[in-house]
Amino acid sequence: MNIRVTHILLAFGVTLVIFGAPQNALAEQKIHAESTTISGGDEDEWGDEDWEDESPYQWRQKISYGYAGLLHDEVNLQSFVFNELRSNSEVTYEEDGLKVNLELELFADQLINETELGVYQLNFIYSGIKNTDLKIGRQVITWGTGDLLFLNDLFSKGWSSFFNGRNDKYLKPPVDAIRLSVYRDKFNWEIAHLPKFEPDQTLTGERYSFYLPGIGIDQPQPPITTLTPERPETAVRVFGSRGGIEWAAYAYTGFFKSPSKMGAEGLTYAEMDSIGASVRMPAFGGLLNLEYSHYESNEDSDGSDPLIQNSQFRFLLGFETEIAANTSLASQAYLEKTLDYGALLINALEEQVIPEEHRTMFTVRLTNLSIQQKLVTSLMLFYSPSDEDHFLRGSLSYKYDDNWLFVGGLNFLEGKREQTFLGQMKENSNWYFRVEYSF
Amino acid sequence: MRNIKTIIFVIAFINLAPLQSTLAGQTPDANEIVNKASLAAYYGGDDGRTLARMKIVDANGRKQLRQFTILRKDMEDGGEQKFLLVFSRPADVKGTVFMVHKKPQSDDDRWLFLPALDLVKRISAGDKRTSFVGAHYFYEDVSGRVPTEDNHIFVSEDDEFYVLKHIPKDKTKVEFDYYKTWIDKNNYLPMVIEYYSASGKAIRKIEALDVSEIQGIATVNKAKVSNLNDGSYTLMEFRKMKYDLGIPEDIFNERSLRNPPRIWLKGK
């Protein structure tokens, strides 16, 4: 227990030192100095009394710093897209049938010059009813079979964290939700109700440059704001598994997750319902997954309104296999078909960016584990033949010991045209590093 | 003539008798020992729970630690099994859950739950002889190598141990040429397993360092896996083992990945 208390005190001490320091470089040195004291102590090996912690409270802490510098410095307002220090404190309380998770996050973001302390997650899980979990509060929800491609997972994505080397967890920000999961013999089902619609964290101009109709690639100032409907969204999943084959069916009612409607008062989100299905199973010595979804644009069901996104059909085929010891290869083929395309073309406005009718995307991810799995090398390529753009996401992640993690990587974006999804991001190509200390 | 025939028959019988006794009595059946050893090492009770921790020490003496709780349920002795591993340390893997549906006749189904992303990731079957969470233990050491993967040869025995040699049927799937086991005659637990290269050099060793009886079942409390080439090793310890808790089969599902069943991890 004493070690824990010392850790808490040190964590707050470190946090104070860091946030009081004028420069991040100085802060880094301080973290290092403090941590030497921590890991040099009794924690080298767990004592016998640590076998089973009888306390219902568990605590952990992570402090991280990351920086991403631009590879070319022509359009963006700053020369970096990531420069921040984060401190996450997580406390869980658990007894039979009840679990409470609280995660506080303190961050100092040099890019937007903001320091903030907030509740990242706070949720309660009640499991007192047989085969049923009720989870209420701010929580992360993920389902579906895609690898960084999303069809039926219509919970908020942190796209602003997709391109700059932040920890992957920020790709799935928590949302305020009531989630009820019921597990049965033949099939299970769950429903997630969000009292207030939570859109994706899309590009605003705060951090990245991108394509602006009529202007070209630029970093808009002030950043673009959107109107978020003060209305609920609900997602349902029915799922099961038989003989190693996992299946699921999905339904959703809410809104497109990205700005998809130009209303009288500005950019906002169009109403959308969706249905979909997925299968995941072992095949050909690896894992095969298939997923499809149909997005119905409720406010523009015939596709004739150019100011509202059309309905869509999405299809995904994925395969992952181990190609050598400790090396896996995962590939995906993805199709996004815009429906009522003729109506969209006829009614399109001047300067309007029209997506390809069939947007295609291939991804290949190569992952290698080495040095007792302490070094993880990951290389993922997104390539779109229809948009003629690509995104190379490479990283080397080294776990020095049970506390320290060092990550370095590259986000390289390129495209033939300025207005495509990845091509518009090309001025944001960057290299990055991240250091995390957890205890 | 009749006498000669009788004499030949008698001589033949006399001559064969010692040979028969060697085959039947003195040379035990290697396959039978291996099957018994597999049951003793991996199928104790109908189900079980244990706390486990590993100290992983690399060739430079640098240490990593892992702590987790294992729940196991046997569908049938020597057959299908289901495992749930819930990590509690170190801090950055706390809450990570690993689930295996072991199927001796085909590839195992494996899943990993990553709490920060709320992600249930299915892991492709892959190479069973790769490291389990960075330790010197392989996936196959954790859930058990299927006896039919090897040809088993009886080598010798003394008062304490049967010594067997095992030659893999498919050498392309493994990193060794053959291995030998020293199996305790009393409880059939493999006390030492040594892996050899094609040149006959010992390259890897698994030892049971401490065994005690729990609920009448001989149970390993402490084991060590060593890489004999570079001196690195993993020390594994087990505590609070309990058998026959009555763990139901249906807890080895997605629910337990996302919300591990505290009642079976801590209670009863």
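This is a short viewer tour of a predicted model, moving from chain A as a whole to its strands, a surface patch and the contact with chain B.

**Stop 1: chain A overall**

Select chain A and switch to a cartoon. Three helices and 22 strands appear. Now colour by burial. Of the 439 residues in chain A, 49% are buried. Turn on the surface. Its accessible area is about 19,900 Å², and carbon and sulfur atoms account for 58% of that area. Sequence separation is worth a look too. Take the contacts in chain A between residues at least 6 apart in sequence: 58% of them join residues at least 24 apart.

**Stop 2: strands 19, 20 and 21**

Select residues 375-384 of chain A, which are strand 19. Add residues 389-399, strand 20. The two strands pair in the antiparallel sense, over 10 bridges. Show Phe382(A) as sticks. Its bridge partner in strand 20 is Phe391(A). Next, go to the turn. Four residues lie between the strands of this hairpin. Pick Glu388(A) and read off its phi: the value is positive, near 50°.

Extend the selection to residues 404-415, strand 21 of chain A. Strand 20 and strand 21 run antiparallel, joined by 11 bridges. They form a hairpin as well, with four residues between them. Which residue of strand 21 stands opposite Leu392(A)? Select Phe412(A) to see the pair.

**Stop 3: a nonpolar patch**

Select Leu104(A), Leu117(A), Val119(A), Leu122(A) and Phe124(A), and show their surface. Together they make a nonpolar patch of about 430 Å². Which strand gives the most to the patch? Strand 4 of chain A, residues 114-126, does so with four residues. Centre on Val119(A), which lies in strand 4. Is Val119(A) buried or partly exposed? Val119(A) has a relative accessible area of 46%, so it counts as partly exposed; the range for that class runs from 20% to 50%.

**Stop 4: the interface with chain B**

Bring chain B into view. Select the contact residues on both sides: 55 in chain A and 47 in chain B. Interface size is often given as the accessible area lost when the parts come together. For chain A and chain B, the buried area is about 4,900 Å². Carbon and sulfur atoms give 45% of it.

Now look for charged pairs. How many salt bridges cross the interface of chain A and chain B? The rule finds eight. For one of the salt bridges, return to the end of strand 20, residues 389-399, and select Lys399(A) with Asp92(B). They form a salt bridge, and their closest N and O atoms are 3.5 Å apart.

How values were computed: Residues numbered from 1 in each chain as written. Chains lettered and ligands numbered in written order. Predicted model: local features only at pLDDT ≥ 70, side-chain atom pairs only at ≥ 80, totals over all residues. Heavy atoms only, no water. Patch = residues over 30% accessible without salt bridge, like charges linked within 9 Å, V, L, I, M, F, W, Y side chains within 5 Å. Areas by Shrake-Rupley, 256 points an atom, 1.4 Å probe, with all protein chains shown as cover. Salt bridge = Lys/Arg side-chain N within 4 Å of Asp/Glu carboxyl O. Buried < 20%, exposed > 50% of the residue type's maximum accessible area, 1.4 Å probe, protein only. Pairing = 2+ DSSP bridges. Contact = heavy atoms within 4.5 Å. Buried area = accessible area lost by both parts, 1.4 Å probe.
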